[in-house]
Amino acid sequence: MPFTVDFMLLIRLFLEFCRVGLFSVGGGLATIPFLTDLGERTGWFAPGDLANMIAISESTPGPMGVNMATYVGFHTAGVPGGVIATLGLVFPSIVIILIIAEFLQKFRQSKAVDAVFYGLRAASVALITAALLQVAKIALMFHKVYIDTAPGEGVISYELFYWPAIILAVVIFVLVRYSPLKKLHPICFIGLAALVGVIFQM
Amino acid sequence: MPILVDLFLTFARIGVCTFGGGYAMLPILQRELVENKKWATETELADYYAVGQCTPGIIAVNTATFVGRSQAGVAGGVMATLGLVFPSLAIIMVIAAFLQNFMHLEFVAHAFNGVRAGVVALIASSVIKLFKNAVIDWPTRIIYALVLVMAAAGAFCTMPGGTLGAALGFILSPVFLVIAAGVAGLCVRAAKGGLK
């Protein structure tokens, strides 16, 4: 890979991921809205790349949010980028937790803190829902198809609804939510989806 | 073994054993930290976890910082956190480098078209669980609806140029919406007299 070390880019990566670490509350899913926003503002990765990164981050060991940071950083600026983005993500956590640890009991019992998070958790779920809609648009709509007009020639067209993907998503959703298989690890469903994609040449 | 090395290695092991993060890693934390290392009691772990959930950042990272600090101060907090993220760094970068070379193959592209549809289903399922825990009464329903509409508008609509576009872009950004919702939560509880 012809990555040259671009210090300005690394500093930006660090700061951008500090921002992600500082404002995403809760699990790894909470980082997704911030990452779609980041991709749009910087052009470092396309929404389709992000969907792939989510899949890989869910199917590999390690906290999902950390995996996403490493992946985005690596995608943007190689090995140094992966390291810097991950350090950026955890930096605010380390600082905040070291401060809070000093007065853990007070923090736990503070009604003001509880009230802030009462509002904040609802917003976090709403942001993840919006991110879900974006990922759904990429995965289930505007599928690129090649239409052969003559031997060796073709035009690119887009299908508004990509039905095979929509059906696959619905089937997996039902399996994950309502079937006895729902206890299985997400990696099993991601593997199944990949297999269906290859077999049906999606 | 020096405690800092022990913290790094123990949390690296926890990082390797965790898939997905969040609640999925609680059993592993219990086994490693409470039973094996005796670095925390069940109650302490529950406290760390609860605070980790309601502070910014990844829950797993926050818990690692807590436990590391309790064992060896600030350096311990840093080492435990670095240990936790180390396996992710190594594994993800190998996979990412590998994929960059194979993404152009047709069957890999087909596989990822399927995988993306699967990811939609998995996220949808997680969102439903999160929704049930977070959206519990009328004020939170209103916050949820407003933030969803604003975030979706920010994501799907083209912003006008100039100062108006910049201002709209700021108001519809996740950072602003998160802060506004926190303030809203505080105001709602204060209005109900719940802060006393």
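How much accessible surface does chain A have, and what share of it belongs to carbon and sulfur atoms? Hi everyone, let's start there. The accessible surface of chain A comes to about 9,300 Å², and carbon and sulfur atoms account for 69% of that area. Before I go on, please keep in mind that what we are looking at is a predicted model.

Let me stay with chain A for a moment. There are 8 helices and 4 strands in this chain. If you walk along from the N terminus, you meet them in the order α-β-α-α-β-α-α-α-β-β-α-α. Taken along the principal axes, the C-alpha atoms fill a box of roughly 70 × 50 × 25 Å. Of the 202 residues in chain A, 55% count as buried. We can also ask about contacts between residues at least 6 apart in sequence: in chain A, 49% of these join residues at least 24 apart. As for charge, chain A carries 12 positive and 11 negative side chains, and the centres of those two sets lie 16 Å apart.

Now for chain B. Here we find 8 helices and 2 strands, and from the N terminus they run α-β-α-α-β-α-α-α-α-α. The C-alpha trace of chain B spans about 60 × 60 × 35 Å along its principal axes. Here is a number I like: a compact globule of 196 residues would have a radius of gyration near 16 Å, but for chain B the value is 21 Å. Of its 196 residues, 47% count as buried. Among chain B contacts between residues at least 6 apart in sequence, 43% join residues at least 24 apart. Chain B exposes about 8,900 Å², with 72% supplied by carbon and sulfur atoms. It has 12 positive and 8 negative charges, and their mean positions are 9 Å apart.

So how do the two chains meet? The contact takes 101 residues from chain A and 95 residues from chain B. About 8,500 Å² is buried between chain A and chain B, and carbon and sulfur atoms give 77% of that area. On the chain A side, A:Pro61, A:Ile97 and A:Tyr118 lose the most area to chain B, and together they make up 9% of what that side buries.

Let's zoom in on one spot in this contact, beginning with B:Ser125. You will find B:Ser125 in helix α5 of chain B, which covers residues 106-134. Is B:Ser125 buried or exposed? B:Ser125 counts as buried because its relative accessibility is 3%, and the cut-off for buried is under 20%. Leaving aside neighbours within four places in sequence, B:Ser125 is in contact with A:Phe173, A:Val176 and A:Arg177.

That last partner deserves a look of its own. A:Arg177 lies in helix α7 of chain A, residues 163-178. With a relative accessible area of 17%, A:Arg177 is buried too. Which residues does A:Arg177 touch, if we again leave aside neighbours within four places in sequence? From chain A there is A:Lys182, and from chain B there are B:Ser125, B:Ile128, B:Lys129 and B:Lys132. To get a feel for distances, try A:Gly43 as well: A:Arg177 and A:Gly43 are 134 residues apart along the chain, and their C-alpha atoms are separated by 35 Å.

If you open the structure yourself, you could start at B:Ser125 and find its contact with A:Arg177. Thanks for listening!

Methods:
Residues are numbered from 1 along each chain as its sequence is written. Chains are lettered from A and ligands numbered from 1 in the order in which they are written. This is a predicted model: local features need pLDDT of at least 70, side-chain atom pairs count only at pLDDT 80 or more; totals for chains, interfaces and linings use all residues. Side-chain values use heavy atoms; hydrogens and water are left out. The radius of gyration is taken over C-alpha atoms; the globule rule is 2.2 Å times the number of residues to the power 0.38. Buried means under 20% relative accessible area, exposed over 50%, partly exposed in between (1.4 Å probe, protein chains only). Contact means heavy atoms within 4.5 Å. Accessible areas come from the Shrake-Rupley method with a 1.4 Å probe; for residues, only the protein chains shown count as cover. Lys and Arg count as positive and Asp and Glu as negative; His and the chain ends are not counted. The place of a charge is taken as NZ of Lys, CZ of Arg, CG of Asp or CD of Glu. Buried area is the accessible area (1.4 Å probe) that two parts lose on being put together, summed over both.
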